[in-house]
Structures are given as C-alpha cells and as structure tokens.
Amino acid sequence: MLTTLQTSYTDTRAGDLAWCLGGGPLPALAVRDLPLPGPDALTGVPGPLGTARLDGSNGRRATADSGATGGATSSRAGRRAAATGGRAGGEAAGGAGNGDGGCAAGTVQLRLLGASHQVVIAAGPGECLETVACMPGRRTPLPARVAEQVAGWEYEFAARIESLPPHVFAARAQEILALVDEHPRGLAGVFPGDPSAFTALVAQGSAERVLWRTWHAYPQEGRLVCTRSSLVLRGLVAVGPPRPGARCALARPGL
C-alpha cells in the first residue's frame, strides 16, 4: 500500500534517527494492521492483506494538517480503498482478522510516524514494539546492530545508511516504492514536496517468527536509511535478518 501523507514537511536528516525498543505507540499518520498466521507460515503463500487506516499526527519531520484524518491515497490500492467509501476504515476499527472469518494467531502493526516508523507485534509470549524515529531528547546514533531478548522473544535489528548520487537515489527510491506498493504486507508514505521523500515498511512471518524491513529516504542529502529486523520465539532456531541478496518475499535482491 502506498499513500501520500497529508502533512506539512519539516526538514530532518538521516543522522537524526534514533532506535528504541519498548515504550508505547506514538501518534501515527498511517497504520496497517496485519494478521499473523500460526507456526510454519514464514515461507508459505502470502497471507491476507490486513487492514489499513490513515490518521492525523504530528512529529519533528511532519505535522498533520487540520484535514489530515483519512489521508489521500496515491496508488491503485489506494484508489480502490477510496472507492469503497470508507470500508477500510470500518475494518480497521473492528481490528485485524485473517480475511476469511477465522482468527489470527497474532498481529503485526505497521505505523508511519511524522518522524519515521514503529512496528508493533502482539503474538506468542508478549508484545514487542520497535521505534526508529527522530525522537526529541535522543541523540544516540542509529545502531548498526542490536540483539536483545524481550518478552520471550529473540530480537535482532540491523541498520545501514547509504549515500547515493541524485540520479541513483531517485531510481532506487522509485524501485522501493513500487515494491512496497505491490507487496501484500507493505505500507509506504510519501511526504509532500518530493516524491523521493518517504518511509516504507514490509513484513512477513508467523506467530512464532516475524521479519520486517524499512527504508527512510532523505533526498535533500541523498541518503537512504535501511533497516532489517527479526523477532523469533526464544528456544527456536535463531533466524536473523535476511542476508544481503537472499531471495525473500520481503524484497528483491539488492534492495
């Protein structure tokens, strides 16, 4: 799903991003709720699309306009949602299911913030919340790698920052946005003023293990922040972030 965020843009830099594990949800500009199926679904057929909604918000990078609630979509998926006359909003209010009347074993929530992203997993032994954002009072650089235990989960995080020339940056940005728009479990938001200024997330997995990737684009400085995260039930064989070039539904090789 690709959406144009109804915000006023505030300039930030890749170096402003900080990482945090835990805490609570922050105000979001767009939210997508996805059901997590039972065990051994990690490499199976992509699951149901889940539900999505757009919300008003504020943050260092963007502040919501007074009419932001409901947002404006910019993709085939977004136009279809708009044509249903708010059906997606009603589904979101009712919570995430598995799309066929059954019950999911857990949920993953993708959240686009004015200041970047949050991912919230509620499954297995407990909840895990990851935040990568420009957070007031936090000046710790984004870590290259983190491995922690949280609520019965084994959590891993990795991040890198790419500096690209303008023509390469623009092409890469459009490729990532196209990928996320087509992905059954993706969410991307483009900030006004530049089609290459965006935050994007994709996720897949089961109630026992979840993988997700994010991209944060800063065209004003030609920098792209890429993160990979995994959450695996403690006691299972460790599954870290996908290896570069590995064939995974999360992304095409090279992204």
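Is C128 buried or exposed, and what is its relative accessible area? In this predicted model, C128 is buried, with a relative accessible area of 1%. The legends below take that cysteine and some other side chains in turn.

**Figure A. Cysteines C128 and C226, both without a disulfide partner in a model that has zero disulfides.** C128 sits at a relative accessible area of 1%, so it falls under the 20% cut-off for buried. C226 is buried too, with a relative accessible area of 3%. As a reminder, a disulfide is a covalent bond between the sulfur atoms of two cysteines. The count of such bonds here comes to zero.

**Figure B. R13 and E221 meet in a salt bridge.** Side chains of opposite charge can pair when their charged atoms come close. For R13 and E221 the N to O distance is 3.9 Å, which makes the cut because a salt bridge needs the two atoms within 4 Å. The pair links distant parts of the chain, 208 residues apart. R13 is in the loop between β2 (7–9) and β3 (18–21), while E221 is in the loop between β15 (209–218) and β16 (223–233). Both ends are partly exposed: R13 has 35% relative accessibility and E221 has 23%. This is one of four salt bridges in the model.

**Figure C. R160, E162 and R172 join up in a network of salt bridges.** Start with E162, whose salt bridge to R160 has its closest N and O atoms 2.7 Å apart. E162 also meets the side chain of R172, this time at 2.3 Å, N to O. R172 belongs to helix α3 (residues 166–182) and E162 to strand β12 (residues 153–163), so this bridge ties together parts that are ten residues apart in sequence. How do the members of the network rate for burial? E162 is buried, with a relative accessible area of 16%, and R172 is buried as well. R160, on the other hand, is partly exposed at 34%.

**Figure D. Helix α3, the element that carries R172.** The 17 residues of α3 should span 24 Å at 1.5 Å a residue, and the end C-alpha atoms are 25 Å apart, so expectation and model agree. Which residues of α3 are buried? They are F169, R172, A173, I176, L177, L179, V180 and D181. R172 is thus on the buried list of its helix and also part of the salt-bridge network with R160 and E162.

**Figure E. W19, Y155, F157 and W212 form one aromatic cluster.** A pair of aromatic rings is described by the distance of the centres and the angle of the planes. The structure holds three aromatic pairs. In one of them, W19 and Y155 have ring centres 6.3 Å apart and planes at 25 degrees, so the pair is stacked. W19 is in strand β3 and Y155 in strand β12, 136 residues apart. Both W19 and Y155 are buried.

**Figure F. W19 and F157 make a tilted aromatic pair.** Here the rings are 6.0 Å centre to centre, with 35 degrees between the planes. This pair also links distant parts of the chain, with W19 in strand β3 and F157 in strand β12, 138 residues apart. F157 is buried at 0% relative accessibility, and W19 counts as buried at 17%.

Methods: Residues numbered from 1 in each chain as written. Predicted model: local features only at pLDDT ≥ 70, side-chain atom pairs only at ≥ 80, totals over all residues. Heavy atoms only, no water. Helix = DSSP H or I, 4+ residues; strand = E, 2+ residues; numbered from the N terminus. Buried < 20%, exposed > 50% of the residue type's maximum accessible area, 1.4 Å probe, protein only. Phe/Tyr/Trp six-rings, centres within 6.5 Å; stacked < 30°, edge-to-face > 60°. Expected span 1.5 Å × (residues − 1). Disulfide = S-S within 2.5 Å.
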